[in-house]
Amino acid sequence: MATSYDYEEAPAIYDEAQRQDLPYDLNFVPDSVKSFVVHLYRHIREKNVYEIHQMYEISFQTLSDRLFKDTPWPSVDAVAHLVDNDQVFCLLYREMWFRHLYARLSPTLKQRIDSWDNYCSLFQVVLHRVVNMQLPNQWLWDMVDEFVYQFQSFCQYRAKMKNKTEQEIALLRQYDQAWNVYGVLNYLQAFVEKSNIIQILEQEKEGLEQFTATDGYDYSGGSNVLKILGYFSMVGLLRVHCLLGDYQTGLKCLLPIDISQQGVYTSVIGSHITTIYHYGFANLMLRRYVEAIREFNKMLLYIYKTKQYHQKSPQYEQILKKNEQMYALLAICLSLCPQVKLVEETVNSQLREKYGEKMARMQRYDDEAFAIYDELFSYACPKFIRPSAPSFEEPLVNHNQDAYRLQLKLFLYEVKQQQLLSGVRTFLKVYSTISLGKLANYMEVDEPTLRTILLTYKHKTHAVDSEGKIISNADMDFYIDDDMIHVVESKPVKRYGDYFLRQIVKLEGVINDMDRIKLE
């Protein structure tokens, strides 16, 4: 443990004094950064995953906060001599360099293109050479996550054509293959295929592999890099296809991972949340509301129980943001498909506190209700992208909102189609049997129209799952026999476990409060 911290503390004051006296220079390397790079390089060569993880998660963030809050890290050329000009390490360093740049500053177009080139070089090495090293799952997940994020960011940037300079347009023309959607998809798919991860997961089901038990690490002296990148690339493909609005393909890419079980994706909190968020959103857009509700409920309950352990994590703000977005998506799901019995009491309590009033108004299906659906969808949806480059010959206008507006339009169209279904459900909940004529009279429509509404209800409360089977989203069903409607309602299962869990959490809170009290 000492090696992770000792080397960076002593020179810190001197480093800050150096930085204050000199203008910023990309080639200036503070002593603590030199020590960080040398130690990280040594640990990577020694495959010391624990120390690599400590340096990556803690030391890198500490140095960034202390020395590089609003400036980039030293350039790779300035540190290359410290690591014997090792190509792979330099590519990894640049990957971290660009990630820091995106997080703390606003990258230029040239820097966006250079980051793409660095990813291409790094991924080519992993795919086509023997990379004999082990890296922490957190770093490998961040690599895939950042790759997709920078692709999304570039597409948004490129679509904002209105204020582009002639120089920027010339660069976009010259580097038209940078962050190309086919290139991004091809790299992610190449990782999946080259790593044989799908076969590994299938063999694990038969008891022939220990992939999940070892969190993907190779304890026989091999490398985990290609396997884990292949594994996380399936999540990356789901995310990219969601950004493109192709939800069916996105879910197919995730099929090899059984999300009903613990897996390597749950070993990294960012991966876990991203997987469930996009999986749930894709199911919502495909009208598989029950599946979306079930997974959002599990994820929100997990975050509720564990978020206190991630308060010092660099991902903490992102965890809280995704938590709020998933509550908004859950509110949408339950408004379209009232399956409250699938939601744990703790999550339901939080949901009612956040969106109880809005959910009540969403049941009315008037203009105000549609405005709330619009608001929640806009807040919680992914940042959809237009993957193709805009025409440089046409008048320069912004297109960055086009994909979002299309998805919003499709979603609200689906909501409007369900406008009459809320009334049908209200009446069917009251009766166990009711004649068509009587229900038509209550709803103030004729019988042919009512039959159409009932067929629509049947259609909208059923969906096709990933295996092609028709599944029901309704908490109640009905059938018509001789102009009589017979209602079949499922009975909710009583849950006691959640009550005891909440009482345990409250008791722990009381004990912690008592421990903080200093007795005289």
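The legends below accompany several close-up views of one predicted protein model.

**View 1. The whole protein chain, with its 23 helices and five strands.**
This predicted model has a protein chain whose C-alpha atoms fill a box of roughly 85 × 75 × 55 Å, taken along the principal axes. Of the 520 residues in the protein chain, 52% are buried. The accessible surface of the protein chain comes to about 25800 Å², and carbon and sulfur atoms account for 52% of that surface. Among the contacts in the protein chain with a separation of 6 or more, 73% are made by residues that stand 24 or more positions apart.

**View 2. The largest pocket, with a volume of about 1600 Å³.**
The largest pocket is lined by 49 residues, and those closest to its centre are Asp145, Glu146, Tyr149, Arg239 and Gln318. The elements that give two or more residues to this lining are helix 4 (49-67), helix 6 (87-104), helix 8 (137-159), helix 12 (225-244), helix 14, helix 16 (316-336) and helix 18. Helix 8 gives the most to the lining of the largest pocket, with eight residues. Sorted by class, the lining of the largest pocket holds 20 nonpolar, 16 polar and 13 charged residues.

**View 3. The second largest pocket, with a volume of about 440 Å³.**
Here 21 residues form the lining, and Leu255, Ile259, Tyr279, Glu291 and Ser466 lie nearest the centre of the second largest pocket. Two or more residues of the lining come from each of helix 13 (247-254), helix 14, helix 15 and strand 3 (470-472). The largest share, four residues, is given to the lining of the second largest pocket by helix 15. By class, this lining has nine nonpolar, five polar and seven charged residues.

**View 4. A salt bridge within helix 3, between glutamate 46 and arginine 42.**
The model contains 16 salt bridges, and the one in this view joins the side chains of glutamate 46 and arginine 42, with a distance of 3.8 Å from N to O. Both residues lie in helix 3 (residues 31-46), where they are four residues apart, about one turn of the helix. Glutamate 46 is partly exposed, with a relative accessible area of 49%, a value that falls just short of the class called exposed because that class begins over 50%. Arginine 42 is likewise partly exposed, at a relative accessible area of 37%.

**View 5. The salt bridges of glutamate 368 with arginine 361 and of arginine 386 with aspartate 402.**
In the salt bridge between glutamate 368 and arginine 361, the closest N and O atoms are 2.6 Å apart. Glutamate 368 counts as partly exposed, with 33% relative accessibility. The side chains of arginine 386 and aspartate 402 also meet in a salt bridge, at 3.2 Å from N to O. Arginine 386 lies in the loop between helix 18 (367-380) and helix 19 (402-417), whereas aspartate 402 belongs to helix 19, so this pair ties together parts that are 16 residues apart in sequence. Arginine 386 is partly exposed, with a relative accessible area of 28%, and aspartate 402 is also partly exposed, at 31% relative accessibility.

**View 6. A network of salt bridges that joins Glu95, Arg99 and Asp142.**
Glu95, Arg99 and Asp142 form one network, joined by salt bridges that share partners.

**View 7. Tryptophan 179, a residue other than glycine with a positive phi.**
The phi angle of tryptophan 179 is near 55°. Tryptophan 179 lies in the loop between helix 9 (166-174) and helix 10 (181-194). The relative accessible area of tryptophan 179 is 0%, and the residue is therefore buried.

**View 8. Arginine 287, which has a positive phi although it is not a glycine.**
The phi angle of arginine 287 is about 65°, and the residue is placed in the loop between helix 14 (269-285) and helix 15 (289-306). Arginine 287 has a relative accessible area of 14%, and it counts as buried because this class covers values under 20%.

Key. Residues numbered from 1 in each chain as written. Predicted model: local features only at pLDDT ≥ 70, side-chain atom pairs only at ≥ 80, totals over all residues. Heavy atoms only, no water. Salt bridge = Lys/Arg side-chain N within 4 Å of Asp/Glu carboxyl O. Buried < 20%, exposed > 50% of the residue type's maximum accessible area, 1.4 Å probe, protein only. 1 Å grid on protein atoms, 1.4 Å probe; cavity = no way out; pocket = protein on both sides within 12 Å on 5 of 7 lines; lining within 4 Å. Points joined across faces, edges and corners; volume = space filled by probe spheres on them. Nonpolar A, V, L, I, M, F, W, Y, C, P; charged D, E, K, R; others polar. Contact = heavy atoms within 4.5 Å. Areas by Shrake-Rupley, 256 points an atom, 1.4 Å probe, with all protein chains shown as cover.
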